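Work through the exercises below with the model open. Try each task before you read its solution.

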Amino acid sequence: MKNIFLFIRRYFTFFSFLLFQVISIVLLSSASKTHESFFSSGANEITGSINKKYSGLKDFFGLKETNRLLAEENARLRNALSINFPVIEKGKKIVIDSLVRDSLGHFRKYTYLPAKVIGNTVTLQTNFLFLERGSNQGVKKGMAVCGPQGIVGVVVETSPNISKVMSLLHRNSKVSAMLKKDNNSGSIEWDGTDPSYLTLRNVTKSAKVANGDTVVTSTYSANFPSHLVIGTVAGISSESSSNFYTLKIKTATNFFNIQYVNLIENARYTEQVQLESNSQKNQ
Amino acid sequence: MSVIPKNIIRFVFFILFQVLILNEVPPLHQFIVPYIYFLYILWLPFNINRFLLLLISFVFGLTLDYFTGTPGLHAAPCVLIAYIRPYLLNLLIPQETTEQSYVEPGHKSMGWAPYLLYIGVLSFVHHFYLVLIEWLQFGNFIYFIGKVTGTTAISLLMIFITELLFVRKGRYRANK
């Protein structure tokens, strides 16, 4: 027994070294596998508050650009207003609908919540954004995040006032996408090299792809509404051994100066994800 | 200033400098990521307790991880270089004179050549281990080698600039 203690004492430094290494690796593997909160929300709030102060300072330098982007988005949305598409009057009789419920069965599926970006990285292999809006303000795990120019990522973790978003520039990020012109779908990933380019895989070779084609979110995604802009095709490579194209996509969003984003809540998200995971069990 | 407050200030300064400035720099190339925060560990005093050195390095690395959202990624290489550091110092410097008369490693206390070797080896080990962990998660071999080389080179350049900018007095322990 005494010898054991002597042994431990002799190699105490080495054992503590091993202990710290094991702790680090366990933290890393558990965090990157599940994206679950190892970070207690307390720590998130502390780094969040420092990030917030810093981004407040940085905002001044980006005000002009932010203004331009918001003005552009406004113009685009104004153009889409139904008032711009007048319908020629054909009816003869005006009927006032007294029903409060929408008898056509319309329902609201997506809700947009604005949020300020208070932390953002682009240089790592696993990039995250931090938003100043948390579970107290209605953010839930799995919500989609979309900027003024295009989509940004997916919420992976929330604390009461801050939420953590897995950026499209994350090696594990995967978003279902399609070509705007012929709706051929594929999946968007990032190869970790250049923050302004993404990779679109599994597009069938029967699709007629050309450089400059717009890529939008597909209709299959549980968190993203369809037809949100992701980027444009910047390069096409096809291997003869597979039936699929691998496309290089220039991101629509500029991840270097992103300041404000919208969180998109799908009212039927839980329902859809539950059903999808059920079908996996049945296989 | 005595040793402890000075190192606490350095702790905060290195973390903030890495998070707020270097991590915001737009990447020049996929292989080049500017890292300088680990210089804090290299600058800790000679006569620090080994366990304390490991503990400080772990906390230091983990603090950076809290900012980048990758728990353990920077903590593991920090602990590794903290473990190697005493052995390397024993090899590089004459025990009796330097370690007893100077407080911390620097080109004044060790001489340029051993100091450069010390910085070079530990930077390389740090980046090698850091990129290795990343590489195990994803990536290919050329990426691994290229990134280790590129990142080590840029770190050494920045450490050299830091040494020229911030002249640390090579203080004798007796004057403390």
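## Exercise 1: The interface

In this predicted model, 30 residues of chain A are in contact with 27 residues of chain B.

**Task.** Find which elements of chain A supply at least two residues each to the side that touches chain B, and which gives the largest share.

**Solution.**
- Step 1. List the elements. α2 (12–34), α3 (41–79) and β2 (126–131) of chain A each supply at least two residues.
- Step 2. Rank them. α2(A) gives the largest share, with twelve residues.
- Step 3. Sort this side of chain A by residue type. The split is 15 nonpolar, twelve polar and three charged.

## Exercise 2: The barrel

**Task.** State how many strands form the closed barrel of chain A, and in which order they run.

**Solution.**
- Step 1. Count the strands. The closed barrel has six.
- Step 2. Trace the order in chain A: β6-β7-β8-β11-β10-β9, with antiparallel pairing.
- Step 3. Check the twist. Neighbouring strands of this sheet are turned by 40° against each other on average, direction ignored.
- Step 4. Recall what holds such strands together. Strands of a sheet pair through backbone hydrogen bonds.

## Exercise 3: One strand and its two partners

**Task.** Take strand β6 (residues 175–179) of chain A. Is this strand mostly covered or mostly exposed? Which strands pair with β6(A), and over how many bridges?

**Solution.**
- Step 1. Judge burial. A residue is buried if 20 or more other C-beta atoms lie within 10 Å of its own. Four of the five residues of β6(A) are buried, so the strand is mostly covered.
- Step 2. Take one partner. Strand β7 (residues 185–189) of chain A pairs with β6(A) in the antiparallel sense, over four bridges.
- Step 3. Match residues. S176(A) stands opposite S187(A) in β7(A). M178(A) has S185(A) of β7(A) as its bridge partner.
- Step 4. Inspect the turn. Five residues lie between the strands of the β6(A)–β7(A) hairpin, and N183(A) takes a positive phi near 60°.
- Step 5. Take the other partner. Strand β9 (residues 214–217) of chain A pairs with β6(A) over three bridges, again in the antiparallel sense. Here M178(A) stands opposite V216(A).
- Step 6. Combine. M178(A) is matched with S185(A) in β7(A) and with V216(A) in β9(A).

## Exercise 4: Confidence

**Task.** Say where confidence is lowest and highest in chain B, and give the scores for the complex.

**Solution.**
- Step 1. Start with the whole chain. Chain B averages a pLDDT of 83, and 89% of the residues score at least 70.
- Step 2. Go to the extremes in chain B. Helix α5 (residues 95–101) is lowest, at a mean of 60. Helix α2 (residues 39–42) is highest, at 91.
- Step 3. Read the complex scores. The predictor gives an ipTM of 0.77 and a pTM of 0.62.

Terms used: Residues are numbered from 1 along each chain as its sequence is written. Chains are lettered from A and ligands numbered from 1 in the order in which they are written. This is a predicted model: local features need pLDDT of at least 70, side-chain atom pairs count only at pLDDT 80 or more; totals for chains, interfaces and linings use all residues. A residue is buried if 20 or more other C-beta atoms lie within 10 Å of its own, exposed if 12 or fewer, and partly exposed in between; C-beta atoms are placed from the backbone. Two strands pair if DSSP finds at least two bridges between them. Two residues are in contact if their C-beta atoms, placed from the backbone, lie within 7 Å. Ala, Val, Leu, Ile, Met, Phe, Trp, Tyr, Cys and Pro count as nonpolar, Asp, Glu, Lys and Arg as charged, and the others, Gly among them, as polar. Axes are lines fitted to C-alpha atoms, for helices over the stretch in contact, and angles run from 0 to 180 degrees between N-to-C directions. pLDDT is the predictor's confidence in each residue, from 0 to 100.
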